Amino acid sequence: SFAGALRGVGGEPLRRGTASRPFTVWLLGATNEVEVALAQAAAFDDVNLPDRAPTEVILMGRHLVDVGVVAEPAEGAPPFLRCAGFEAVSWLRPPDFAAVLMPAALYTR
């Protein structure tokens, strides 16, 4: 599961987020139809289980609508969610974990 991957099940343990430096996840290639819709349906609320460490999830894509979450990353709370364009890479906190949930595939013969 996505939450399992964040806990480091697939490899080395990952850093635990703090209030001053939350665990940061970038979801690359996000679209309004998939990742933003999932965020609006609270599908990412369990990303920081089981410890509920301060976590931020940044949906990165083109022309994304705001997910409408305003809380800052906090101990014991669901992750802070926001959208950003790829131009934001220069000022965003570097990710602890980056993922693509539905990558486009190009097949050639």
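Contact here means heavy atoms within 4.5 Å. The model is predicted.

The protein chain holds two helices and four strands. Along the sequence, these elements follow the pattern α-β-α-β-β-β. The protein chain has 109 residues, of which 37% count as buried. It exposes about 6,600 Å². Carbon and sulfur atoms supply 57% of that area. Contacts between residues at least 6 apart in sequence were also examined, and 70% of these join residues at least 24 apart.

The four strands form an open sheet in the order β3-β2-β1-β4. Pairing in the sheet is parallel. Strands β3 (80–84) and β4 stand at the edges. Each has a single partner strand, so one side of each is left without a neighbour in the sheet. From one strand to the next, the twist averages 20°. Strands β1 and β2 run parallel and are joined by seven bridges. Across this pair, threonine 24 stands opposite glutamate 56 of β2. Helix α2 packs on the sheet and touches β1, β2 and β3. The direction of α2 makes about 150° with that of β2.

Nonpolar side chains come next. In soluble globular proteins, such side chains tend to be buried together. The largest nonpolar core in this model has 15 residues. Within it, Leu27, Phe44, Val57 and Leu59 touch the most other members. At least two residues of this core come from each of β1 (23–30), α2 (32–40), β2 (55–61) and β4 (97–99). Strand β1 gives the most, with four residues. Another core, of six residues, lies apart from the largest one. Its members include Trp26, Met60, Ala84 and Ala88.

Valine 57 shows the reach of one member of the largest core. Residues up to four places away in sequence are not counted here. Beyond them, valine 57 touches Val25 and Leu27. It also touches Val47, Pro79, Phe80, Leu81 and Arg82.

Polar side chains also occupy buried positions. Threonine 24 is found in strand β1, and glutamate 56 in strand β2. The cut-off for buried is under 20% relative accessible area. Threonine 24, at 0% relative accessibility, therefore counts as buried. Glutamate 56 has 2% relative accessibility, so it too counts as buried. The side chains of threonine 24 and glutamate 56 make a polar contact of 2.9 Å. A polar contact of 2.5 Å joins the side chain of glutamate 56 to that of arginine 93.

The surroundings of these two residues were listed without neighbours within four places in sequence. Threonine 24 is in contact with Arg15, Glu56, Ile58 and Arg93. Its list also includes Pro94, Pro95, Asp96 and Phe97. Glutamate 56 is in contact with Pro22, Phe23, Thr24 and Val25. Pro73, Phe80, Arg82 and Arg93 are also in contact with glutamate 56. Arg93 thus appears in the list for threonine 24 and in the list for glutamate 56.

Alanine 30 lies in strand β1. Its relative accessibility is 4%, so alanine 30 counts as buried. Neighbours within four places in sequence are again left aside. Alanine 30 is then in contact with Glu35, Leu59, Met60, Gly61, Arg62 and Leu64. Among these, Leu59 is one of the residues that touch the most other members of the largest core. Met60 belongs to the six-residue core. Alanine 30 and valine 100 are 70 residues apart along the chain. Their C-alpha atoms are separated by 7.7 Å.

Two loop residues have positive phi values. Arginine 52 sits in the loop between α2 and β2. Its phi is near 55°, a positive value in a residue other than glycine. Histidine 63 is found in the loop between β2 and β3. Histidine 63 is not a glycine either, yet has a positive phi of about 55°. The cut-off for exposed is over 50% relative accessible area. At 74% relative accessibility, histidine 63 therefore counts as exposed.

Note on methods
Residues are numbered from 1 along each chain as its sequence is written. This is a predicted model: local features need pLDDT of at least 70, side-chain atom pairs count only at pLDDT 80 or more; totals for chains, interfaces and linings use all residues. Side-chain values use heavy atoms; hydrogens and water are left out. A nonpolar core is a set of buried Ala, Val, Leu, Ile, Met, Phe, Trp, Tyr and Cys residues joined through side-chain atoms within 4.5 Å. Buried means under 20% relative accessible area, exposed over 50%, partly exposed in between (1.4 Å probe, protein chains only). Two strands pair if DSSP finds at least two bridges between them. Axes are lines fitted to C-alpha atoms, for helices over the stretch in contact, and angles run from 0 to 180 degrees between N-to-C directions. Accessible areas come from the Shrake-Rupley method with a 1.4 Å probe; for residues, only the protein chains shown count as cover. A polar contact is a pair of N or O atoms within 3.5 Å; within protein, one must be able to donate a hydrogen and the other to accept it, and residues adjacent in sequence count only if both atoms are side-chain atoms.
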